[in-house]
Amino acid sequence: MRLTLHIWRQSGPDAKGRFETYKLDDVNEHMSFLEMLDVLNQQLIENGEDPVAFEHDCREGVCGMCGIVINGLPHGGRKGTTTCQLHMRHFKDGEELTLEPWRSAAFPVLKDLVVDRSAFDRIIQAGGFISIHTGAPPDAATILVPKEDAELAMDYAECIGCGACVAACPNGAAMLFMSAKIAHLGMLPQGKVEADRRVKAMVEAMEKEPFGACTNFTSCEAVCPKEISISAIARMNRDYRRAFLPGKAEGGGKLEKVKLLPAT
Amino acid sequence: MNESPGFYSSSVGKKILMAVTGMILFFFVLFHMAGNLQIFIGQEELDRYAKFLHSVPEILWLVRIAVTFSFLVHIVAAVQVWLQSRRARPIRYKVRVNLATDMAARTMIWTGPIILLFVLYHLLHLTYGALYPDLFVEGHVYQNLINSFRLWPIAVVYIVANIGLGFHLYHGLWSLTQTLGWTHPRFDRCRRVASAVIGIGVAAANISIPVSILAGLVR
Amino acid sequence: MKLDARIPSGPLQQKWTNFRDHVKLLSPANKRKHSIIVVGTGLAGASAAATLAELGYKVKAFCYQDSARRAHSIAAQGGINATKNYPYDGDTVWRLFYDTIKGGDFRGREANTYRLAELSSNIIDQCVAQGVPFARDYAGYLANRTFGGALVSRTFYARGATGQQLLLGAYSALSRQVGLGNVEMHPRADVQDIVIVDGKARGIVVRDMLTGELEAYAADAVILATGGYANVFYLSTNAKGCNTTAIWRAHRRGAGFANPCYMQIHPTCIPQSGDYQSKLTLMSESLRNDGRVWVPRKKGDTRPPNEIPEEERNYYLEEKYPSYGNMVPRDVASRNAKYWCDLGYGVGPNGRGVYLDFKDAIERLGVEVIRQRYGNLFDMYERITGENAYEVPMRIYPAPHYTMGGLWVDYHLMSTIPGLFVLGEANFSDHGANRLGASALMQGLADGYFIIPITIGDYLASERLQKVSTDATEFKNVLADVDERLRKLLAVDGTKTVDHFHRELGKVMWDKVGMSRNAQGLTEAIQRIQALREEFWNDVRVPGRNEELNQELEKAARVADFLELGELIARDALAREESAGGHFREEYQTEEGEALRDDEHFQHVAVWEYAGDGKEPIRHVEPLVFEAVTPTQRSYK
Ligand SMILES: Cc1cc2nc3c(=O)[nH]c(=O)nc-3n(C[C@H](O)[C@H](O)[C@H](O)COP(=O)(O)OP(=O)(O)OC[C@H]3O[C@@H](n4cnc5c(N)ncnc54)[C@H](O)[C@@H]3O)c2cc1C
Ligand code: SF4
Ligand code: FES
């Protein structure tokens, strides 16, 4: 099959970018999308041109490294599919495709289709964990988890951190990614202990990055390759609200100043 | 994970406040609508109801303050959230696709200001009577309505604004359950449907007043 | 090259305890004074970095991806073994140890393997406490399944994404330490070489993948946890970026490379569909629990599989191995698939495939159960092939998957270079000549969470380490070496792309150094690889500059190393004149075509010493002593 590609080319973080058009004549329908780009790059290199930079690693839909907006759809818009798992059989002969990087202030473009997603790491570093240290945890069987809860936690835990949710969001919000982690850990008894601290800390870290606010557009769940639903965001909202409710242990156990005694 | 800053400083907190204030405003809208629908019972009913509202000024003012406060918080938070989101997405895609979002969601930022302008208009028009002094007599609610809505430009303003309100409510109600975390997979479909029904219902009920007057059904 | 495995004394069951009883400890105040470099944030690296930071060491961690969370451990699907014996089917530490050492065809080190089995339970406890959402039963207890090559149910799993969940657990522990300021994290950092000062590993040289800048980092010890090198085959189940550079460069600087020829070819992968193929996708071998492997009895049978009647199907594994059937170890399953395809019974477009059929399982258990167990794998299969495996049997073919070989390490996980520790798939460690399913995750985490924190303390407490800084000449020299090498790659400006050379290398490796090998083929392979290497350095084209994000340059540096490693693999395979596990020499097989070991001459670890460019490497041996078990001929009949 034949394809016309309009690809965003930008030589570096501060460079001005532009779209370039490329034609491919001999695309096999069994190729993956990234293999199609490999073929393009081989041709570019052989012609002495600069190959298109794009990210990928596992090429099996789990590392979360790949991600291209194809005709306006992050990951190409097929249900439960990352860019690396998208196959050319889903495109038509002669089709024109526009390839753009994730667009979000929090994900600046580094080169061509490569963006910087380190903001995600910083959110996790702020609280996306259970604060135990290695060694001498209790026997695994002492923590019972209802099967349904374990399954639900797993649904959320499957997030691959690809950033498609942010790319799709008209607000550039990171809620689906962040809430998937909060919901995963919050579902489990082990994770409930510090649920309040976690949600506050992660939200705070998220706000330090130039992410937008959630206005419940639901674009994120539409493109999430792991089909994580916005029920995660609802859970996070609930946790966040509850974390601020009175009745939570927030100090006050000891008197700060004893009023009846004369000051010394 | 130290002491984290206040609730309001995060966009999540702001959205929750928007949800709570939105809910207060929604109840006000419902109440207001129910009161006004008495126009279909008759002149005395409506005017008596209006008098009753004014009979305990403390309560009236309490409600007014609560609603005004909610309104302000709702608006300020909305603007802040909107600005934050604008900053977060400085570059648009060349190929634009609307992903899953519906029109109501995308137009919140327009239906919001429409409602704000309308509320100001409405206050000046029917609460203070400053806008069209010729058409307004203090305390004569029924007659004021008839006088105004007989004129189609005024009726159209109300109709358009209420269509906006309907859209705003449709997304807003659904959205506030999400923002407050009042969700459950079993009720997810209901939430959508219920919001739509309420949004359309409120808009239709409110619109029925000018339409009936314009059509001469109520005189 | 001195090869002292430093195995503690005492009976096998007591060795790890004895070791811990007598190991040297550092005080907390002293730990704070030591810095440690950890290269790699896979299961092994992330767990090590997190734990060492918790203990108080100053840790610098490096990975080539944009985030530590993306290391290739993330791709593991099937599960992780542990001797919890929750199903009460008779599992014990000894059994896991014995299965592993036997699965490895008695080419692993007893003491290491036993320790691994011993630690397996702790890993599950640790991971559960971290919030890894393992599968549960309705009572809320952890669920188990059986996995290739085992008769007990000891495999813990998290849907079809066990590696992902374990890695995200380790990543969360690491992230916590990064957040606390105890770990300095360097993503997008391509480690190009290691630096040795006074005979000890003291640092690394890294290329910043965004700016091309070369940076040196110094520390008191260096840990390499850079994963496996199956990408030497070009097509493998590994991620595109998996490479050998860090361990290969360490090898060139004096670290012994052990058993490079022990490679695992995984039986259940999706067959190649064309020349453009960039990688092969593995499907968890748990599929073999319910799927039945067969080929048509008629050569070149092109009928659709569902039209081939039962009596014309050859369930070759069930026929040949009645007691294990479809569950034989990987090497056996792979070799048999190749055997039937070579004879012309293969299925699919190019005759390189066998069927994996779920018809009977679906009839027996119903579609829903199968969907629950393997739904995501069936989806993945459909995404890639466009076929629905609930209706037509899957087609599978073996693919390079795991490398049992790696840098030689002693019981402390230290290589032949003092201060250079190697963890996870990058070391040669515990799997002998063949790795059993669900044991690599276990090994990576045992190394990182439980072993290295103890052994590295012993090293730091025993050695008098001088202060070094990156201004030292040793660092300057390595920086200059790396710089020169990268400039050379860019300067060739030939006509062929890096991928071209990688593919060519892959072809040679697959044809001659793959699932079955012979002396003639291996000799040819060595010559062919040498010629290819020569051609590479004269005719490769690497576009762009160093001072930018340059993915072709990254690849070129990796392929250059694969072109050297490939030769060593072939040499090792040639020198090992026996068949054992994943290493199958056609000259050495039983009458039934099974691997024939030669314990008299080859019951040892082969450790290669680098002798300089253009010189033949030197082969050393570490004899394997079996005190607790007696090597037997593996039989899965
Ligand atoms: C598809 C697949 C499925 C598998 N399934 C299972 C299973 O079910 N059960 C099981 O037990 N095992 C399984 N395995 C094997 C197991 O996943 C791996 O052996 C194990 O995860 C390796 O972990 P690691 O920490 O050693 O290395 P990796 O996870 O590969 O990590 C390597 C790290 O090193 C870094 N790195 C590498 N080179 C450089 C460099 N030059 N500079 C800087 N950083 C570098 C990388 O960035 C990465 O962080 C599977 C493997 C594959 C490929
Ligand atoms: S929530 Fe979904 S879209 Fe967002 S990062 Fe995770 S996997 Fe990607
Ligand atoms: S390359 Fe790993 S998810 Fe696409």
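The legends below accompany several views of a predicted model.

**Figure 1. The fold and outline of chain A.**
In this predicted model, chain A is built from 9 helices and 7 strands. Its radius of gyration is 23 Å, well over the 18 Å that the globule rule gives for 264 residues, so chain A is more spread out than a compact globule. Along the principal axes, the C-alpha trace of chain A spans about 90 × 45 × 35 Å.

**Figure 2. The interior and surface of chain A.**
Of the 264 residues in chain A, 63% are buried, and among the contacts in this chain with a separation of 6 or more, 69% come from residues 24 or more positions apart. The area that chain A exposes is about 10,100 Å², with carbon and sulfur atoms supplying 51% of it. The chain carries 30 positive and 36 negative side chains, and the centres of these two sets lie 9 Å apart.

**Figure 3. The contact between chain C and chain A.**
On one side of this contact stand 73 residues from chain C, and on the other stand 74 residues from chain A. Between them an area of about 6,100 Å² is buried, and carbon and sulfur atoms give 52% of that area. Within chain C, the residues that lose the most area to chain A are R159(C), Y276(C) and R383(C), which together account for 12% of what that side buries.

**Figure 4. The surroundings of T83(C).**
This close-up is centred on T83(C), a residue in the loop of chain C between β3 (80-81) and α4 (93-103). With a relative accessible area of 9%, which is under the 20% that marks the limit for a buried residue, T83(C) counts as buried. Leaving aside neighbours within four places in sequence, the residues in contact with T83(C) are D91(C), T92(C), V93(C), L96(C), A117(C), S120(C) and S121(C).

**Figure 5. The helices of chain B.**
Chain B has 8 helices and 0 strands, and from the N terminus on its elements therefore read α-α-α-α-α-α-α-α. Taken along the principal axes, the C-alpha atoms of chain B fill a box of roughly 60 × 40 × 35 Å. Among contacts in chain B between residues at least 6 apart in sequence, 70% join residues at least 24 apart.

**Figure 6. The surface and charges of chain B.**
Buried residues make up 43% of the 219 residues in chain B. The chain exposes about 12,300 Å², and carbon and sulfur atoms supply 71% of this area. Chain B has 18 positive and 9 negative charges, and the mean positions of the two groups are 19 Å apart.

Conventions
Residues are numbered from 1 along each chain as its sequence is written. Chains are lettered from A and ligands numbered from 1 in the order in which they are written. This is a predicted model: local features need pLDDT of at least 70, side-chain atom pairs count only at pLDDT 80 or more; totals for chains, interfaces and linings use all residues. Side-chain values use heavy atoms; hydrogens and water are left out. Helices (H or I, at least four residues) and strands (E, at least two) are DSSP runs, numbered from the N terminus. The radius of gyration is taken over C-alpha atoms; the globule rule is 2.2 Å times the number of residues to the power 0.38. Buried means under 20% relative accessible area, exposed over 50%, partly exposed in between (1.4 Å probe, protein chains only). Contact means heavy atoms within 4.5 Å. Accessible areas come from the Shrake-Rupley method with a 1.4 Å probe; for residues, only the protein chains shown count as cover. Lys and Arg count as positive and Asp and Glu as negative; His and the chain ends are not counted. The place of a charge is taken as NZ of Lys, CZ of Arg, CG of Asp or CD of Glu. Buried area is the accessible area (1.4 Å probe) that two parts lose on being put together, summed over both.
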